[in-house]
Amino acid sequence: MASSYDYEDAHPQQQDALGYDPNFVPDSVKTFVVHLYRHIREKNVYEIHQMYETSFQTLSDRMFKDTPWPSVDAVAQYVDNDHVFCLLYREMWFRHLYARLSPTLKQRIDSWDNYCSLFQVVLHGVVNMQLPNQWLWDMVDEFVYQFQSFCQYRAKMKNKTEQEIALLRQFDQAWNVYGVLNFLQALVEKSMIIQILEQEKEGLEQFTATDGYDYNGGSNVLKVLGYFSMVGLLRVHCLLGDYHTGLKCLLPIDISQQGVYTSVIGSHITTIYHYGFANLMLRRYVEAIREFNKILLYIYKIKQYHQKSPQYEQILKKNEQMYALLAICLSLCPQVKLVEETVNSQLREKYGEKMLRMQRYDDEAFALYDELFSYACPKFITPSAPSYEEPLVNYNQDAYRLQLKLFLYEVKQQQLLSGVRTFLKVYSTISLGKLATYMEVDEPTLRTILMTYKHKTHAVDSDGKIISNADVDFYIDDEMIHVGESKPAKRYGDYFLRQIVKLEGVMNDMDRIKLE
């Protein structure tokens with residue numbers, strides 16, 4: 001078993017006055033690994049989940065705030081030197097290191113090696129364990145995060161030492177984009193998860209009903225890792241700017257329904273964030289608005305229950321980013337009828353004023369699109385290795401700049417059309433000549449603008465069908481434009497229910513007041 005930690009390799013802050021000794025195992029850690037090992041062997045998912053979610057965090061806060069956990073070699077003796085348990089322990093060890101300290105290049109490479117060993121055991125061995133969905137999701141999530149982090153790190157070439165460059169050349173397969181995609185794809189294929197989800201539609205499988213757990217004494221590890229890997233693939237393809245492929249990878253999961261992805265809040269939010277973002281970039285605004293609305297309403301209802309969760313900060317950050325993305329979608333495609341009252345009032349509070357300014361066709365509106373996109377987009381990556389011969393430059397912003405440029409190019413085209421939309425909303429019929437006069441263009445130019453409007457308000461969905469994003473539609477008959485506005489079915493029910501609950505609250509408060 002390779003040592004998970006070279007002491008000489010440690011950062012100065014990891015060896016400081018605290019005197020971190022990788023081979024010293026405090027009693028509380030000894031108890032922790034012994035119990036965790038026993039629960040894993042007994043397939044006691046409830047206890048594993050408690051230890052993983054609560055005990056690990058508590059011990060980390062109390063004893064390892066700014067040092068790593070004891071090395072795997074030091075704890076191996078307490079768990080019968082069990083190979084698979086040691087791989088799982090190292091996976092947590094590295095995740096803690098990434099969260100609390102800054103990993104060295106050698107540690108990044110060691111973490112990659114550990115994931116390779118762990119996934120190979122899952123893919124080729126018979127893993128006779130049941131692990132909590134939260135842990136299995138965290139594995140895939142962290143795997144993609146560390147890949148993204150490595151690409152960002154490698155792209156900052158300016159201040160790299162000769163030793164670091166030599167290591168990067170030597171371990172050029174570490175965190176290679178093909179390796180990352182191959183592992184995720186292999187987990188999807190080997191787990192047969194796509195076939196399982198197909199059979200479930202025919203009532204032959206119980207994957208979602210059992211949250212992916214196996215109650216007949218089998219293992220859930222490969223199946224659930226395969227399932228979450230589809231979300232991992234969506235995320236990696238979004239980071240690479242390949243939105244079509246990303247959405248294709250997610251197709252087997254029906255996100256209009258509850259699924260295993262909704263059983264872990266981090267997975268639920270990550271899935272919808274990337275799904276919505278990919279749809280935004282493919283101009284499928286209605287689909288993006290619909291999903292952002294659902295998840296933002298969900299977060300609004302449940303966030304107070306997650307205040308003590310280690311993911312709480314992440315939930316709040318993604319919540320804010322998705323409001324910014326929703327503001328962008330609604331500015332480009334004003335479909336407010338798709339948004340619930342609660343979400344809409346939050347959105348108006350956060351971005352109401354900006355959204356009004358974004359409707360205009362000027363540089364200030366353009367700058368706001370730039371600002372919101374930059375705040376809310378994923379951290380795009382350049383997956384290729386740098387050229388070590390040329391002068392060393394930082395190219396970690398290149399991928400982001402390219403996506404921003406593509407997005408703003410689309411915004412510029414959409415903004416040209418906002419004038420047409422304004423006029424079409426006012427009339428039910430108008431002649432081409434009259435509209436051309438209002439818009440101060442000649443008739444052939446107007447016809448081009450109207451054709452562009454038709455093109456830009458339609459997109460191709462994942463089934464290859466053409467869908468409309470427009471809230472105003474029209475057709476031209478002879479020289480007349482006939483406008484048909486889609487009238488939303490007003491939903492009064494929600495509003496009345498909320499007012500009734502408020503009124504009941506007021507009446508209860510009044511009942512409590514004792515009148516003299």
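Let's start with arginine 235, which touches Asp141, Val144, Tyr145, Gln148, Thr270 and His274, leaving aside residues up to four places away in sequence. Keep in mind that this is a predicted model. Arginine 235 sits in helix H11, residues 221–240. Is arginine 235 buried or exposed? Its relative accessibility is 10%, so it counts as buried, the cut-off being under 20%. One of those neighbours deserves a second look: the side chain of aspartate 141 makes a polar contact with the side chain of arginine 235, at 2.5 Å.

Another buried polar residue is asparagine 344, with a relative accessible area of 12%. You'll find asparagine 344 in helix H16, which covers residues 341–358. Beyond residues up to four places away in sequence, asparagine 344 touches Val336 and Val339.

While we're in helix H16, let me show you a salt bridge. Arginine 357 pairs with glutamate 353, and their closest N and O atoms are 2.7 Å apart. Both residues lie in helix H16, 4 residues apart, about one turn of the helix. Glutamate 353 counts as exposed at 57% relative accessibility, while arginine 357 is partly exposed at 22%.

Now over to helix H6, residues 105–124, where lysine 106 and aspartate 110 are also 4 residues apart, about one turn. Their side chains meet in a salt bridge of 3.0 Å, N to O. How accessible is each partner? Lysine 106 is partly exposed at 24%, and aspartate 110 is buried at 9%.

Helix H14, residues 285–302, has a pair with a spacing of 3 residues, glutamate 287 and arginine 290. The salt bridge between their side chains is 3.3 Å, N to O. Arginine 290 is partly exposed, with 37% relative accessibility.

How many salt bridges are there in total? The count comes to 19. Some are joined up: Glu91, Arg95 and Asp138 are linked in a network of salt bridges.

For something without charges, come to the surface. Tyr495, Phe496, Leu497 and Ile500 form a nonpolar patch there, with about 430 Å² of accessible area together. Phenylalanine 496 belongs to helix H21, residues 493–512.

Let me finish by zooming out. The protein has 21 helices and 5 strands, and 51% of its 516 residues count as buried. Among contacts between residues at least 6 apart in sequence, 74% join residues at least 24 apart. The protein exposes about 25700 Å², with carbon and sulfur atoms supplying 53% of it.

How values were computed:
Residues are numbered from 1 along each chain as its sequence is written. This is a predicted model: local features need pLDDT of at least 70, side-chain atom pairs count only at pLDDT 80 or more; totals for chains, interfaces and linings use all residues. Side-chain values use heavy atoms; hydrogens and water are left out. Helices (H or I, at least four residues) and strands (E, at least two) are DSSP runs, numbered from the N terminus. Buried means under 20% relative accessible area, exposed over 50%, partly exposed in between (1.4 Å probe, protein chains only). Contact means heavy atoms within 4.5 Å. A polar contact is a pair of N or O atoms within 3.5 Å; within protein, one must be able to donate a hydrogen and the other to accept it, and residues adjacent in sequence count only if both atoms are side-chain atoms. Patches are made of residues with over 30% relative accessible area and no salt bridge: like charges are joined within 9 Å, nonpolar side chains (Val, Leu, Ile, Met, Phe, Trp, Tyr) within 5 Å. Accessible areas come from the Shrake-Rupley method with a 1.4 Å probe; for residues, only the protein chains shown count as cover. A salt bridge is a side-chain nitrogen of Lys or Arg within 4 Å of a carboxyl oxygen of Asp or Glu.
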